[in-house]
Amino acid sequence: MRNFGKNIKITANNITLSYSDEGADNSPVIIFIHGFPFSKEMWNNQMEALKENYRVITYDVRGHGNSWSGTDDFTIELFVNDLIALMDALQINKTTLCGLSMGGYIALNAIENHPERFDALALCDTSCVADSPEAKEKRMKAIESIRENGVEKFADDSLKNFFAQDSFATKKEVIAGVREMIVNTTDKSIIKTLLALSTRTETCSKLAEIKVPVLIIIGDEDKITPPEAAHFMHENINGSVLSVIENAGHLSNLDNPNQFNDQLIKFLGKNARIQKTEGKRKNPEA
Ligand code: MLT
């Protein structure tokens with residue numbers, strides 16, 4: 001029996017995850033994975049744009065949004081195990097994945113280790129490289145700052161790098177919404193995720209093994225995972241499509257949702273597949 005709607009709770013990999021699941025049972029499935037330190041709410045616009053033709057699932061990565069943290073140290077591998085456990089619990093054998101930044105790191109690791117579970121990938125504002133020594137150092141400084149000054153300062157410092165220049169004047173509400181997601185994440189979870197990101201392994205050496213259709217999306221003003229990282233993945237993933245989103249920074253789906261959605265919908269129209277899933281719908285709020 002399938003639950004559908006927003007903010008549904010499910011047990012997967014021994015913790016409670018929060019997810020939203022909308023769209024028809026017999027539509028192709030797409031699962032969205034958010035970046036750090038955000039929540040599934042960052043995909044609200046894509047959920048609305050896609051749910052008429054797709055079964056759209058967004059979920060809060062462990063320690064983010066309304067999902068529990070558990071007691072284990074965070075790693076990208078643990079996040080992948082959570083994703084696979086979520087798919088198992090929802091009886092989804094195969095899906096298209098769309099991950100942004102940290103969500104892309106999770107998607108790349110997931111396809112490397114579970115290639116049979118995915119039929120297409122959208123990799124947005126992400127990269128296959130591991131953290132350089134300088135990047136690790138920056139994360140350690142961020143951890144110190146969070147311990148000393150709290151999450152609010154971390155949120156304000158981070159926000160400066162997430163958006164295209166114009167958005168600071170034109171998208172104040174969107175930026176306030178992202179700030180809200182960050183400050184609603186506990187300092188403990190942010191620190192555990194910073195450690196997971198700093199110890200993640202590279203996936204560049206496995207790009208040639210990816211056999212499914214891949215869309216690579218990059219904001220032309222992304223300062224965190226810059227366009228060169230997207231070009232590198234494009235050159236190394238056979239048959240991949242690269243789409244540069246204009247007037248968009250690291251959160252390209254929020255900076256320029258229309259262009260982002262157009263590119264994603266075009267890709268899904270060609271590549272998303274209907275998979276057999278079991279069960280009837282049940283609305284938990286009904
Ligand atoms: C993200 O948006 O997920 C982060 O910027 C990723 C990172 O810090 O490497």
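In the predicted model, the ligand is surrounded by ten residues drawn from separate parts of the numbering, namely Gly35, Phe36 and Phe38, then Ser101, Met102 and Tyr105, and further along Arg139, Leu197, Ile224 and His250. Sorted by class, this shell comprises six nonpolar, three polar and one charged residues, the charged one being Arg139. The site occupied by the ligand is the largest pocket.

Three residues of the shell place polar atoms opposite oxygen of the ligand. A polar backbone atom of Phe36 is found 2.7 Å from an oxygen atom of the ligand, and an N or O atom in the side chain of Arg139 is 2.8 Å from a ligand oxygen atom. For Ser101, a polar side-chain atom lies 3.0 Å from an oxygen atom of the ligand. Taken alone, the ligand exposes 270 Å², of which the protein buries 92%.

Apart from the pocket, the cavity search was also considered. One cavity of 30 Å³ or more is counted by the rule applied, and the volume of the largest cavity is about 60 Å³. The lining of this largest cavity is formed by Ile76, Tyr105 and Asn109, by Ser127, Cys128 and Val129, and by Arg200, Thr201 and Thr203. In terms of class, the lining residues divide into four nonpolar, four polar and one charged, with Arg200 as the charged member. Tyr105 appears both among the residues that surround the ligand and in the lining of the largest cavity.

Conventions:
Residues are numbered from 1 along each chain as its sequence is written. This is a predicted model: local features need pLDDT of at least 70, side-chain atom pairs count only at pLDDT 80 or more; totals for chains, interfaces and linings use all residues. Side-chain values use heavy atoms; hydrogens and water are left out. A residue is near a molecule or strand if one of its heavy atoms lies within 4 Å of it. A polar contact is a pair of N or O atoms within 3.5 Å; within protein, one must be able to donate a hydrogen and the other to accept it, and residues adjacent in sequence count only if both atoms are side-chain atoms. Accessible areas come from the Shrake-Rupley method with a 1.4 Å probe; for residues, only the protein chains shown count as cover. On a 1 Å grid over the protein atoms alone, a cavity is a set of points where a 1.4 Å probe fits but cannot get out, and a pocket is an open set with protein on both sides within 12 Å along at least five of seven lines; lining residues have an atom within 4 Å of a point. A molecule sits in a cavity or pocket if more than half of its atoms lie within 2 Å of its grid points. Grid points are joined across faces, edges and corners, and a volume is the space filled by probe spheres set on the points.
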